[in-house]
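Visitor: Please take me through one part of this model in close detail. Start with a single residue and its surroundings, then work outward from there.

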Amino acid sequence: MGRPASAASRMAALLDGLARGERRSIARAISVAEDDPAGTARMLKSIFKETGRSVVVGITGPAGAGKSSLINGLVAEMRSLGMRPAVLAIDPTSHVTGGAILGDRVRMTEATDSGAYIRSIASRGSAGAVSRSVRNSIRVLEYAGFDPVVIESVGAGQTEVEISNVADITAVVFSPQTGDVIQAVKAGLTEIGDLYLVNKSDLDGAAQLRDALADFAGPASRGAAGEKGGGGRATVLMTSARSGSGVAELARHLKGMMGGARAAKAAREGDRLEAEMRDIILNIITERARSVLDEGGGPYEAQLRRLRARKVDPYEAARRVAAGMGAV
């Protein structure tokens, strides 16, 4: 019986499979990006220089707007235009069980059949974790040769802000069934898009929704041509995933935006990398602090006793413990 493969040889095999676009290797690498920080660090040392070139298209919007079905048709149309798209679908995590309903691959059968790569990843209830996992999963897909990378998420809070920061083009999907567009405005979804889509456009109220979005949506965050601060107004398109109406037009429109988005991506990359480095530094500090607190003893226990005896207030106790850790 042969000796078990070393960590280095396993990583080398994984990287070789990624470079050849093997789906099993892609799946394993994204699992590393989700669950293994040390493995992610080792993987990035090898792939980082070869990433950062693909356009990232974020597609978000309220639950029930039909995003998955729309992406299913969109990705097939992208394939017909000569693109090689992949999809990362961020599924909400249950606050009770910690599990996620990873159903997007089931719904996106047409996209999968066309040769696109579809992967569901769980939000895990942590915006920062989503950001790290998504960034590195994008890099895995870039290294495997996919462009664009489409990210789907539910428009329900901080995650959407993070996705719009990661994406080069952000499309927000609405449906006449999702209720009063004013609620969407209050939620801030009309502030993050470069492109707004009225899906299920064959339903009553679609034209009114389109007109309302055209009034409420401000300038595209990256401009009509994909240039940040370009000043162009965001475009509103009508689509129907069920009938296929408008989906080919959407694919062509996104392809037209990608050239400008790619140029703007290069200009923004320095700021994005700085923000990512800051996130990683803060995460390292947080993890080290949590480890010290979980171990207890030493200055922590001493200050906790003084706090319980009301000899010191909570802020003073915390500052003294942090000072002992070199954090202040």
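Guide: A residue counts as buried under 20% relative accessible area and as exposed over 50%; between the two it is partly exposed. The model is predicted, so these values describe a prediction.

Start at V292. Its relative accessible area is 33%, so V292 is partly exposed. V292 belongs to helix α11, which runs over residues 247-295. What lies 33 residues along the chain from V292, and how far apart are the C-alpha atoms? The residue is M325, and its C-alpha atom is 8.3 Å from that of V292.

Stay on α11 for a second residue. E249 also sits in this helix. With a relative accessible area of 40%, E249 is partly exposed. Its partner along the chain is T239, ten residues away. The two C-alpha atoms are separated by 8.7 Å.

Now take the pair of helices α12 and α13. Residues 298-308 form α12, and residues 314-324 form α13. Their axes are 9 Å apart, at an angle of about 170 degrees. Angles over 145 degrees count as roughly antiparallel. The two helices are therefore roughly antiparallel to each other. On the α12 side, the contact is made by P299, Y300, Q303, R306 and L307. On the α13 side, these meet P314, A317, R320 and V321. By class, the contact has six nonpolar residues, one polar and two charged. The spacing within each list invites a general remark. An α-helix has 3.6 residues a turn, so residues three or four places apart point the same way.

The loop between α12 and α13 holds R310. Phi of R310 is positive, near 60 degrees, and R310 is not a glycine. R310 is exposed, because its relative accessible area of 78% is over the 50% limit.

A second non-glycine residue with positive phi is K200, at near 55 degrees. K200 lies in the loop between β6 (195-198) and α10 (206-216). Its relative accessible area is 22%, so K200 is partly exposed. That value clears the 20% limit for buried residues.

Another loop has a backbone feature of its own. The peptide bond between D147 and P148 is cis, with omega about 5 degrees. P148 falls in the loop between α7 (127-143) and β4 (149-152).

Next come the helices near the start of the chain. Two packed helices are described by the angle between their axes and the distance between the axes. For α2 (residues 23-35) and α3 (residues 37-47), the angle is about 125 degrees and the axes are 6 Å apart. That makes α2 oblique to α3. The crossing of α2 past α3 is left-handed. From α2, the contact takes A29, V32, A33 and D35; from α3, it takes P37, G39, T40 and M43. Five of these residues are nonpolar, two polar and one charged.

Helix α3 also packs with α1 (residues 7-19). Here the angle is about 50 degrees, with axes 11 Å apart. That makes α1 oblique to α3. The crossing of α1 past α3 is right-handed. M11, L14 and L15 of α1 meet G39, R42, M43, S46 and I47 of α3. This contact has five nonpolar residues, two polar and one charged.

Then look at α4, residues 67-80. It has 14 residues and reaches 20 Å from first C-alpha to last, close to the 20 Å expected. How many of its residues are buried? Ten of the 14 are, which leaves α4 mostly covered. Among them are K67, L70, I71, L74, V75 and M78. G82 follows the helix, with a positive phi near 90 degrees.

Last, the whole chain. It comes to 13 helices and seven strands. Of its 328 residues, 45% count as buried. Among contacts with a separation of 6 or more, 73% join residues 24 or more positions apart.

Key:
Residues are numbered from 1 along each chain as its sequence is written. This is a predicted model: local features need pLDDT of at least 70, side-chain atom pairs count only at pLDDT 80 or more; totals for chains, interfaces and linings use all residues. Side-chain values use heavy atoms; hydrogens and water are left out. Helices (H or I, at least four residues) and strands (E, at least two) are DSSP runs, numbered from the N terminus. The expected span of a helix is 1.5 Å times one less than its number of residues. Buried means under 20% relative accessible area, exposed over 50%, partly exposed in between (1.4 Å probe, protein chains only). Axes are lines fitted to C-alpha atoms, for helices over the stretch in contact, and angles run from 0 to 180 degrees between N-to-C directions. Angles under 35 degrees count as roughly parallel, over 145 as roughly antiparallel, 65 to 115 as roughly perpendicular and the rest as oblique. A crossing is left-handed if the near helix is turned anticlockwise from the far one by less than a right angle, and right-handed if clockwise. Contact means heavy atoms within 4.5 Å. Ala, Val, Leu, Ile, Met, Phe, Trp, Tyr, Cys and Pro count as nonpolar, Asp, Glu, Lys and Arg as charged, and the others, Gly among them, as polar.
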